[in-house]
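Hi,

Here is the structure I said I would send over. Have a look at it first, and my notes on what turned up are underneath.

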Amino acid sequence: MQRDITKKALERSTYERPAFFYSSAREGMLDLLRNVLQPGRAVALPAFIGWSPNEGSGVFDPVEESGVGRRFYDLNSDLTVDLASLGQTLAAGDVGVLVVIHYFGRTDPAWQEVRRLASEHDVFLVEDLAHGWFSALGRGASGTYGEAQLYSLHKMLPLADGGMVTYRSPGLVSGQASTEHALPGRMLSYDTEAISAHRRLVFERTGTALAELARDDDRFALMWPDMGDDVPQTLPVRITGADRDHVYRYMNEHGVGMVSLYHTLIPQLPAGFDEVRSISRQIINFPVHQDVDPDRVDGIVALFREALDAATTASSPSSDATAERHA
Ligand SMILES: Cc1ncc(COP(=O)(O)O)c(C=O)c1O
């Protein structure tokens with residue numbers, strides 16, 4: 001006999017997606033590893049992972065701290081997963097947790113293939129959405145296909161701290177515990193739809209102005225022109241024909257807050273990964289956050305052109321100085 005239809009929902013596990021709140025994403029990742037990773041198993045990470053003297057390495061610090069083994073897989077020139085490399089990494093047979101990073105808020109177009117590989121090799125898939133809180137709130141695949149999702153709220157909202165981990169189902173939770181009980185209130189105090197729309201608008205305008213400039217300027221290349229359903233954290237560009245560090249300094253000295261994620265890779269990255277190393281030397285990210293006035297985009301891109309001109313003639317600074325300047 002069919003069950004009665006109750007007057008309100010009573011089944012606690014229907015659509016339940018347990019969420020835990022921390023002071024940072026890395027604290028949440030440490031909690032995840034301690035509760036999810038089986039002894040003797042390794043964590044597989046993408047090769048493009050940065051480090052800075054001020055911030056350490058957001059995604060790598062918890063792996064180091066938990067003392068577990070790590071394996072690195074390669075990425076393509078647009079930071080999408082190199083599926084052949086990922087397949088080889090998982091075929092080694094010792095990986096328990098696979099991390100995919102949604103760089104700058106973008107979902108890998110081949111996410112279904114990544115999901116398939118994770119299932120085939122029976123690994124716990126973590127979607128690192130440190131840059132992708134707004135993408136996960138949107139309509140795309142972001143945040144929907146992993147066993148867990150990792151968020152860094154202080155990177156996406158004007159908060160001093162805040163991290164969150166969500167799990168696909170209650171069965172994936174054992175001893176995980178929140179440490180920041182007030183964070184949900186702070187997160188819900190923002191109009192995330194308005195912020196998402198703002199970010200997409202600034203991204204689109206900046207991308208259009210940069211594409212226009214790129215028509216007769218080959219000193220830089222857009223990394224991806226279209227965000228699909230996602231919401232960007234920043235807009236990444238590769239500086240291919242000028243000194244990136246000089247452009248970075250010029251823009252910041254003239255009042256435009258650029259970052260270079262990740263200008264310095266973690267020293268633990270094994271030899272090889274040449275394309276990722278090249279991206280690290282060339283990348284620079286335009287701001288698209290909620291405080292950027294969309295009407296200032298043309299001015300920002302005009303300043304970028306000036307910065308390229310100034311940097312084309314400048315000499316290369318040493319890489320040691322790079323880490324300090326970009327921190
Ligand atoms: C891709 C990625 N994952 C995780 C983190 C960790 O974020 P949090 O600073 O909240 O620990 C960061 C930031 O450093 C990051 O860039």
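One thing to keep in mind while you read: this is a predicted model.

I'll start with the ligand. There are 13 residues around it, and the ones that come nearest are R26, D128, S152, K155 and Y262. By class, that shell splits into five nonpolar, five polar and three charged residues.

Three side chains are worth pulling up on screen, since each puts a polar atom by an oxygen atom of the ligand. For R26 the distance is 2.7 Å, and for S152 it is also 2.7 Å. H154 has a polar side-chain atom 2.8 Å from a ligand oxygen. As for how covered the ligand is, on its own it would expose 400 Å², and the protein buries 95% of that. If you prefer to think in terms of secondary structure, the elements giving two or more residues to the shell are α1 (25-36) and α6 (153-156).

Now for the empty space. Where does the ligand sit in all this? The space it takes up is the largest pocket. That pocket holds about 980 Å³ of space. It is lined by 43 residues, and E55, H131, K155, Q233 and L261 are the closest to its centre. You'll recognise K155 from the list of residues that come nearest the ligand. At least two lining residues come from each of α1, β6 (148-152) and α6. The lining of the largest pocket is made up of 18 nonpolar, 19 polar and six charged residues.

There is an enclosed space to look at as well. How many cavities of 30 Å³ or more does a search of the whole structure find? The answer is one. The volume of the largest cavity is about 120 Å³. Its lining consists of 16 residues, with L79, I101, Y103, R106 and D108 lying nearest the centre. Sorted by class, the residues lining this cavity are ten nonpolar, three polar and three charged.

Finally, two bits of backbone geometry that you may want to check by eye:

- L261 and Y262 are joined by a cis peptide bond, with omega at about -5°. Y262 is in the loop between α9 (244-253) and α10 (274-282). Both residues have come up already: L261 is among those closest to the centre of the largest pocket, and Y262 is among those that come nearest the ligand.
- D122 has a positive phi, near 55°, and is a residue other than glycine. You'll find D122 in the loop between α4 (111-120) and β5 (124-129).

If you only have a few minutes, I'd open the view on the ligand with R26, S152 and H154 shown as sticks, and then move along to the cis bond between L261 and Y262.

Cheers

Note on methods:
Residues numbered from 1 in each chain as written. Predicted model: local features only at pLDDT ≥ 70, side-chain atom pairs only at ≥ 80, totals over all residues. Heavy atoms only, no water. Near = heavy atom within 4 Å. Polar contact = N/O pair within 3.5 Å; in protein donor to acceptor, adjacent residues only side chain to side chain. Areas by Shrake-Rupley, 256 points an atom, 1.4 Å probe, with all protein chains shown as cover. 1 Å grid on protein atoms, 1.4 Å probe; cavity = no way out; pocket = protein on both sides within 12 Å on 5 of 7 lines; lining within 4 Å. Sits in = over half its atoms within 2 Å of the grid points. Helix = DSSP H or I, 4+ residues; strand = E, 2+ residues; numbered from the N terminus. Nonpolar A, V, L, I, M, F, W, Y, C, P; charged D, E, K, R; others polar. Points joined across faces, edges and corners; volume = space filled by probe spheres on them.
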